[in-house]
Number of protein chains: 2
Amino acid sequence: MYINATCHYLPDKIIPNSYYTDLIDLSDEWIYKRSGIRTRTKAGVDENTNTMSIDVIKSGIDRLPYDLKEVDLIVGATYTPYDTVATNAHAIQSHFAIARAKALSVSSACSSFINAVEIVEGYFATNKSRRALVVASEHNTAYSDDYDKQSGYLWGDGAGAAFISKERISEEDIEILDLNTTGLADVGKGLEGVYLRPNKGGLQMPYGKDIFVHACKHMVFEVDNILKKNGFTLKDITHFIPHQANARIIGNVGESLGLQNGQLIMNIEDTGNTGSASTIIALSQNWQRFKKGELIVITVFGGGYSSGAMLLRK
Amino acid sequence: MYINATCHYLPDKIIPNSYYTDLIDLSDEWIYKRSGIRTRTKAGVDENTNTMSIDVIKSGIDRLPYDLKEVDLIVGATYTPYDTVATNAHAIQSHFAIARAKALSVSSACSSFINAVEIVEGYFATNKSRRALVVASEHNTAYSDDYDKQSGYLWGDGAGAAFISKERISEEDIEILDLNTTGLADVGKGLEGVYLRPNKGGLQMPYGKDIFVHACKHMVFEVDNILKKNGFTLKDITHFIPHQANARIIGNVGESLGLQNGQLIMNIEDTGNTGSASTIIALSQNWQRFKKGELIVITVFGGGYSSGAMLLRK
C-alpha cells in the first residue's frame with residue numbers, strides 16, 4: 001500500500017504553559033521538564049472532531065493526485081468523538097459528497113491511527129477498497145479538565161489524514177512496507193492507566209508512572225519486531241516518529257534504540273499530546289523532508305493499553 | 001468465514017411502556033402502535049458497555065469449541081461507549097487475559113456489528129487473524145432522555161457476540177457467505193437524522209420520518225444486492241433478521257420483500273432498539289432454530305446514515 005498524500009490541521013488557538021501557571025500554579029519550567037510541552041493547540045468553540053476532520057481534508061485536497069470522489073473507504077480514528085453515531089468518517093462523506101464510500105470510525109486510544117490503517121490493509125486484501133482515506137482527529141480539550149494537575153496540561157487538539165491506495169500513484173508516494181497493532185489490556189494498569197468515560201469523569205490519567213514504564217517498553221518492542229520481521233536493523237532507519245505523549249517517554253525510547261540527534265521527529269513542544277492524530281500530523285508536517293529511499297518508522301502506545309508500529313519507505 | 005458460536009446478554013431490568021405513561025403521558029397502545037415495543041431492557045446502575053461485553057462472553061464461553069485464549073482479534077462495536085480509551089474490546093482482553101490479541105472498537109451507528117465483521121474479514125484476508133471475537137454492546141439508556149417524547153422510549157440495552165474463524169470448526173457453524181457495508185452520510189438527513197453527541201445533548205432522533213424512508217429503502221436495497229451478487233433470489237432465503245429499530249420499518253421492509261409469516265425474526269417487542277447489538281442478539285436467540293442448509297439474511301440501517309447486509313448459511 002502507498003500513502004499518496006498527507007495533510008494536517010491544527011486549530012489557531014495556542015495555549016501557553018503560563019495559562020496553567022495562572023490557573024493551577026504549575027510553572028512553565030515544571031510543565032516543560034515533565035512533558036516537553038511549551039504550548040498546545042486548542043479547538044475553538046465551534047470546532048470538534050467532525051469539523052477538524054473536514055478542515056484537514058480541505059487543507060490537503062489540492063495535493064491529492066486523484067479526485068476525492070474516488071475514495072471508496074473512509075476510516076475515522078478518534079477517542080474524543082463529537083458524535084458517535086454520525087462519526088467523523090460520516091462527516092467527511094457528507095461534506096464532500098463521497099457517495100457509496102464505506103464509512104466507520106475506530107478507537108484503540110492513541111494507537112487508533114495505525115489500527116485504522118490496518119483496517120484499510122484488510123479492505124485492500126479483500127478488494128473491497130482501492131482508495132482509502134484515514135483521518136485521525138482528536139478534541140482532547142472537550143473531555144479533559146484544565147484543573148487536573150496530574151494530566152490536564154498535556155492535551156492538545158488537531159487532526160491528520162492520509163490518502164492511501166493499493167497501487168503506487170506517483171514517485172512522491174510513501175510505501176507502507178509493513179504495520180502491526182497489539183492489544184495490551186491485560187498488561188499493567190491497562191484498563192485504568194488512562195481513560196475517557198464520557199459520562200463518568202471524562203479524560204483522566206491516574207497512573208502516569210505505569211503508562212511511562214509500559215510505553216517505553218512496548219514502543220521499543222514494536223520497533224524491534226517490525227524491523228526484524230522485515231530484515232532491517234536500526235541502522236537502516238533514517239527517521240523515527242513516536243507517539244507524541246510526553247517528551248520524557250520519547251527521550252527514553254530514543255535512548256533505548258540508540259538514536260542519533262535529528263532522527264527523532266517531534267511536535268509535542270508546540271501541540272501537546274494530540275492523541276491518535278499525533279504521528280500522522282508529524283508525518284504530514286515533515287513530508288517534504290523525506291528523501292527517496294529513506295526508511296521511516298512510526299511507533300505508538302496508547303491507553304487501553306495498545307501499541308503498534310508502521311514501517312515506511314519514501 | 002464461519003460463526004462458531006454466538007451469545008447474548010440482556011440486563012435483568014425490564015421497563016414496560018407504563019413507565020412512560022406515568023412519566024410523559026405516552027400510552028402503551030400509542031407506543032406499541034408506533035414502534036412495536038412493549039418492554040425494553042435497561043442496564044443496571046453498575047452496568048455499562050464494558051461490563052455487558054464481559055457478561056455476554058461469560059454466557060457463551062461454554063459453547064465455544066476452542067479455548068478463549070486462542071482468540072487473536074477482538075473487535076468491539078458500540079456507539080454508546082462507557083470508555084472510548086479502554087474500549088469494550090480492551091475490557092474483554094483484560095478480564096479474560098487474552099494476551100497479544102489485537103483490540104479495537106468501531107462505530108458506524110446501528111450498522112456497527114456488520115462493519116466489525118467486515119473488519120474481521122479483512123484481518124482473515126491478510127492472515128493476521130484466524131480466530132476473531134466480535135462483540136456489539138449498547139448502553140443506549142446511558143445517553144438517551146426518558147423525557148424525550150420523540151424517541152426516549154425506543155431504546156434498550158444489551159450485548160451480543162459472535163466467535164468467528166477462518167475455517168469451519170464444527171457442523172454447528174454458520175457460514176458467512178458474503179457481507180457488505182455502505183456509508184450513506186450524503187443521503188437525506190444523514191448526519192442529523194439521529195445523533196449521539198456525548199457533550200451536546202446525548203442520543204436524539206430529530207428526523208424520524210427521514211430515517212423511516214431511508215431505512216425502508218436501503219435495507220431492501222442491501223438485501224436485493226447481496227442476493228443478486230451471490231446468485232440467490234428471495235425464495236431461497238428462509239430467515240430474515242432486520243435491524244430492530246422499529247416494528248413499522250421492519251413491517252415495511254418485509255412487505256417490500258414479499259416475506260411470509262414466520263420469516264421475519266424479531267425481538268424489538270421485548271428489548272426495544274438495542275442498536276448495533278440487535279441483530280446479533282436475534283441471531284443468538286434463534287441459533288437452535290436454524291436447520292442445516294437454510295439461508296439467513298441480516299440487513300441493517302443506522303444513523304450516519306449507514307447500511308449493510310450479511311448472507312449466512314447454516
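The following conversation walks through a predicted model of two chains, from the place where they meet to the residues inside them.

Trainee: Before we start, how are residues, chains and ligands labelled, and what pLDDT do local features need?

Mentor: Residues are numbered from 1 along each chain as its sequence is written, while chains are lettered from A and ligands numbered from 1 in the order in which they are written. In this predicted model, totals for chains, interfaces and linings use all residues, side-chain atom pairs count only at pLDDT 80 or more, and local features need a pLDDT of at least 70.

Trainee: How many residues of chain B are in contact with chain A?

Mentor: Two residues are in contact if their C-beta atoms, placed from the backbone, lie within 7 Å. The side of chain B that touches chain A has 26 nonpolar, 19 polar and six charged residues, where Ala, Val, Leu, Ile, Met, Phe, Trp, Tyr, Cys and Pro count as nonpolar, Asp, Glu, Lys and Arg as charged, and the others, Gly among them, as polar. The partners in chain A number 51, and the residues of chain B in contact with them are also 51.

Trainee: Which strand of chain B is joined by bridges to strand 5 of chain A?

Mentor: Helices (H or I, at least four residues) and strands (E, at least two) are DSSP runs, numbered from the N terminus, and two strands pair if DSSP finds at least two bridges between them. Here three bridges are found and the strands run antiparallel, with S107(A) having S105(B) as its bridge partner. The strand of chain B is strand 5.

Trainee: Why can the two copies be described by a rotation axis, and of which kind?

Mentor: Copies are superposed by least squares on the C-alpha atoms of residues with pLDDT of at least 70 in both. A turn of 180 degrees with a shift of 0.0 Å along the axis lays chain B on chain A with an RMSD of 0.0 Å. The copies are therefore related as by an axis that is a two-fold rotation axis.

Trainee: Is E138(B) buried or exposed?

Mentor: A residue is buried if 20 or more other C-beta atoms lie within 10 Å of its own, exposed if 12 or fewer, and partly exposed in between, with C-beta atoms placed from the backbone. E138(B) belongs to strand 6 (residues 131-139) of chain B, and its contacts include T49(B), T78(B) and D157(B). Since 31 other C-beta atoms lie within 10 Å, E138(B) is buried.

Trainee: How far apart should the ends of helix 5 of chain A be?

Mentor: This helix is largely enclosed by the rest of the structure, because 13 of its 14 residues are buried. The expected span of a helix is 1.5 Å times one less than its number of residues. The end C-alpha atoms of helix 5 (residues 112-125) of chain A agree with the expected span, and both values are 20 Å.

Trainee: In the hairpin of strand 12 and strand 13 of chain A, which residue takes a positive phi near 120 degrees?

Mentor: Strand 12 (residues 295-302) and strand 13 of chain A pair in the antiparallel sense over eight bridges, and one of the partnerships is that of I296(A) with L312(A). Strand 13 (residues 306-313) is largely enclosed by the rest of the structure, because seven of its eight residues are buried. Three residues lie between the strands of the hairpin, and the residue with that positive phi is G304(A).

Methods: Lists of a residue's contacts leave out its neighbours within four places in sequence.
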